[in-house]
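Me: I'd like a tour of this model, one feature at a time. Please give me the general idea before each case.

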Amino acid sequence: MLAFIAGPALAGTANADTTTVSPPAQTVSATTISTTPAAEDTSSSRDTTMQAPTRERATTTHVVGPQDSLYSLAATYLDDGDRYMEIFEANRGVVQANGSKLTDPDLIVSGTELTITLDTPAAAPQAAAAKRATIDHTVEPGDTLYELAEDHLDDGDRYMEIFEANRGVVQANGSKLTDPDLIISGTELTITLDTPAAAPAAATPTTDQPKPSQVETAEEPQEPETAAPSKQQPAATQAPPTPEPAPTPQPARAEIGSSQSSASQPIIHDTVSEDDSDDIGVRAPIGVGALAASGVVGLIASRRFYQRRQRARGAQLAMPTGAAAVVERELRAVANPLAIEEVDLALRGLAKHCRDTNTPLPEIRVARLTGTTFEIYTTEAETLPAPWIGTASGMLWSYHADDTDQLDRDALSEIPAPFPALVCLGQDLEDAHVLADLETVGSINIDADKNDAEEILAAMAIELATSSWADDLTVTVVGAFPEMEDVLQTGRIRYLPTVGRLFDELQRRADNDRLALQLDDAPDLHHARVSAVAPSTWFPEVIMLTQPLTDTQQNQLERLLTELPRVAIASVAIDSSPADWTINTTSGDNVILEPLGLTIIPQRISTEGYRRVLEVVDVANHGQPIYNETHPDIIDTLVDDATDWLNAHTGREDDLPDEGEPVAIAVDVEDVEALQSAQLAEVDASVEEPEDLDVSESVEEAEQGEEPEKLSATFGPTEGVPYLRVLGTVELEGAGGVVEPNRAARLTEYLAYLALTEDTVTARSIDDAIWPNRKKENNATTRDPATSRLRKWLGTDEDGQLRLDVNTFELTGIDCDWYQFEAATRGPLTGVSTEQLAAAVRLVRGTPFKSAAVRNRYYSWAEPIQQAMISRIVDVCYELALRQLVDEEWLACEATLATGIDIEPGDEQLWRMRILAAYARHNREAVEEATSRLFAQLEGFDCPPEPETTDFLRHLDEGATVTDLMEMI
């Protein structure tokens, strides 16, 4: 289960005894040992022996983290969550991070320092720490402080210790060391090791012990006997042996540092990384938050899906360029569509519970979306079902991301969206998204200058127009953004130049809605949605006003919003008469959300960002395809091949179905997946895996002797060569080094970027692609360690040369399945051999960058590359499948088409070919299975079948010959 959109939670907003608590990760910023007198035993002892003194209890200082509650802290430190009141009483009245005093155990603020008295006795006073050994290191070309810390301290992340110990040192070029990223070759650095310095020689050696010799420092690195990878240690002294403390268990890093051959390295899968837990953006640079960004990205994806459905063979989708391409990448970097889906399911699950129990929906006043929780603040005390967790007041409820696993997604798909007008207003100072239900609040006024107010209003309109939390709604924008309706084309936006007769129209709707509610005995809108009655009343209309209203219009609007029962109409206005809810930008440096008095960073979209977002969407709507090869030549040759086949098969008796009977198509087939698995097993058994195929010669012939840039002699990995797989889940195989599992995902993405981007790679381009949500002023302290880790992970080639140049970021000796796919299929596909096409298709394991689709933090840069890959793979599958149809290789054809359909399930031509192949081998079950899956896909895409598909299936159902059907694919 993925977490919700990043941003800390309001610590301690909900507690429950049933909560499973695990120790917080890295939330304690400092631990101090102090003494607390234990309760004295006043009873007199009758024993003649002296009692042991009572041990004092240790305390620790804990800095409250975003997800903390007193219950979780008690469970962590005291092994019993029910003891949370001990922590509260010990800290009652403490001034918290926001300036308020701690008076409520349910309300602790992130950043507050709490003192916790532990059950363990206080530590005895320790003697002064032993002096640690030091070494001198002369900086060499290619050295970084991170590498030196990794070599000498076993932990590259401790590089700041070396920097602080040498800050201000005069370097070899005469400058002082003031930046950990700028160390000069030839500079002498002093590094303090973890090993203790040698003890001084004994003053009076005993007669049975040799005189200790002078301590010397080893000139060459010595191999340690333990697993720790430290490369240099001081030489051992000859002092008398003394008892040593038990060795401290080495962390996993020590094991990772051990030498292993590349042959023994496992395939590293692109799994979720914890290394970049702080690298989740909540706002794009243009101002919109993650919710609006997710909506726009989803809209772009749906438009590109339809573009691919209409794409001619040999063409690629047009993609935005320049500033528009940058904006799309920035939106993808903060978008988290899965988090939006989880919240949608949580709200629909709440609505289903209300329907099942015949209870009204709660009215949401405001909501907060954080990294792991979704919190709602209701207008009245409520009792919500598990897994919602509430506070004692019953007005604050939290829902955790992991709890979505308990919901029945299929059942919830039939539940109407309960809060379709829920929209993000901005982020609070803890980067949590602050949302309001416009239906509940009625109206919001934006008190700001015209430009700022329009930027806030435009962001809100775009989010509502693309929100997945609404089944439908209408956003009527008055007096601004006339182009939004034509470009977004979601059916939710309408533009009016003036108010005109709008309020009269809305009053008629309100009257009709109230009548519908009355006829269906629904007391209000929420009851209607829960009870699934009066459906015409469910869909809200939000009026966005950029012009001042007359007194008459103001009265009309007030009546629309306040008359009971309330209907699904709300307004957002710029500088109108005062409203209960106001986004106030005039209060100094802070923007205040009234009446909550909450300081927020309002969601907005800059004027330039607005233009670029519309440009990206417009390209997805109308962009002209790009042809990378001679398109007419491909089609003409394929038609010639098909014509030859048709001429050779005209009048053949075996071209008919069994006994001349039509193959009936039953669209509703049970256990479709089982049938598909059985068919694919049959295909796998009949198609032999080829041996490594040398494609060099044939590709060179296709290119008329041109030397390909990325040419692999064999398909698949080669021993001793790191092999990057991106045609499916992202994996790295055969790396010469090792990597910590929690860093593998980000480093794999880094490698994929270096291997696949066609742009000039610079330090800044890497930062923008791999860490788009981090500050750009100086990202070297993140990039340089990552580059060092990746270089070590990739290892060296057979000549001992590093595979990654840390200065130019160039890769050498790296192979990739996409390199091999391109090499095998370069040039017009009609000039590529069938063997090469088949071998290339076998490289495809799924949608390119498939694993990246489940999280927003990775591969935001890869969208243009992924779209180009999809188009090319589908074209190759089509070309190969058509040849296999011509050669009557029915099973092989179906296997090829299964790959193509997996990549592009909306390509109906591939579906028709697959149905034809099953029909030609008289497999009724396979025909039914493929037909059923086709219609299921079309229903999921909410689009009707193409006329060619309808005609094809009608002729097939009538018992047409394979020859006739071949003409129709």
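Reply: Start with burial: a residue is buried under 20% relative accessible area, exposed over 50% and partly exposed in between, using a 1.4 Å probe and protein chains only. Two housekeeping points come next. This is a predicted model, in which local features need pLDDT of at least 70 and side-chain atom pairs count only at pLDDT 80 or more, while totals for chains, interfaces and linings use all residues. Residues are numbered from 1 along each chain as its sequence is written, and side-chain values use heavy atoms, with hydrogens and water left out.

Me: What percentage of the residues in the protein chain do buried residues make up?

Reply: Of the 969 residues in the protein chain, 50% are buried. Tyr859 is a case to try the rule on: its relative accessibility is 6%, so it counts as buried. Asp79 goes the other way, because 69% relative accessibility makes it exposed.

Me: How many helices and strands does the protein chain have?

Reply: Helices (H or I, at least four residues) and strands (E, at least two) are DSSP runs, numbered from the N terminus. Here the protein chain comes to 30 helices and 24 strands. For contacts, the rule is heavy atoms within 4.5 Å. Take the contacts between residues at least 6 apart in sequence: 71% of them join residues at least 24 apart.

Me: Show me a single residue with its contacts.

Reply: Try Leu347, which is in helix 8 (residues 337–357). Leu347 has 2% relative accessibility, so it counts as buried. If you set aside neighbours within four places in sequence, Leu347 touches Ile364, Phe374, Pro418, Phe419 and Leu422. Its C-alpha atom is also 9.8 Å from that of Ile415, 68 residues away along the chain.

Me: Is Glu904 buried or exposed?

Reply: Glu904 is buried, because its relative accessibility is 3%. You'll find Glu904 in the loop between helix 26 (890–903) and helix 27 (908–920). With neighbours within four places left out, its contacts are Phe305, Arg308, Ile870 and Val874.

Me: Now helix packing. At what angle do the axes of helix 23 and helix 24 cross?

Reply: Axes are lines fitted to C-alpha atoms, for helices over the stretch in contact, with angles from 0 to 180 degrees between N-to-C directions. Under 35 degrees counts as roughly parallel, over 145 as roughly antiparallel, 65 to 115 as roughly perpendicular and the rest as oblique. Helix 23 (residues 817–825) and helix 24 (residues 834–842) have axes that come within 9 Å and cross at roughly 160°. That makes the two helices roughly antiparallel. From helix 23, Phe821, Ala824 and Thr825 meet Gln836, Leu837, Ala840 and Val841 of helix 24. By class, this contact has five nonpolar, two polar and no charged residues. Ala, Val, Leu, Ile, Met, Phe, Trp, Tyr, Cys and Pro count as nonpolar, Asp, Glu, Lys and Arg as charged, and the others, Gly among them, as polar.

Me: And how do helix 7 and helix 16 pack?

Reply: Helix 7 (residues 322–334) and helix 16 (residues 607–622) pack at about 90°, with their axes 9 Å apart. They are therefore roughly perpendicular. Helix 7 brings Ala323, Ala324, Val327, Glu328 and Leu331, and helix 16 brings Arg612, Val613, Glu615 and Val616. Sorted by class, that contact has six nonpolar, no polar and three charged residues.

Me: How many aromatic pairs are there?

Reply: Rings of Phe, Tyr and Trp (its six-membered ring) pair if their centres lie within 6.5 Å; planes under 30 degrees apart are stacked, over 60 edge-to-face and the rest tilted. The count comes to twelve aromatic pairs. Phe849 and Tyr859 have ring centres 5.4 Å apart and planes at 45°, so the pair is tilted. Both sit in the loop between helix 24 and helix 25 (863–886), ten residues apart. Phe849 also forms an edge-to-face pair with Trp861, 6.1 Å centre to centre with 80° between the planes. Tyr753, Phe849, Tyr859 and Trp861 form one aromatic cluster.

Me: Which backbone oddities should I look at?

Reply: Most residues other than glycine have a negative phi, and most peptide bonds are trans. Phe849 has a positive phi of about 60°, and Asp79 has a phi near 60°. Leu564 and Pro565 are joined by a cis peptide bond, with omega about -5°. Glu594 and Pro595 are joined by a cis bond too, with omega about 10°.
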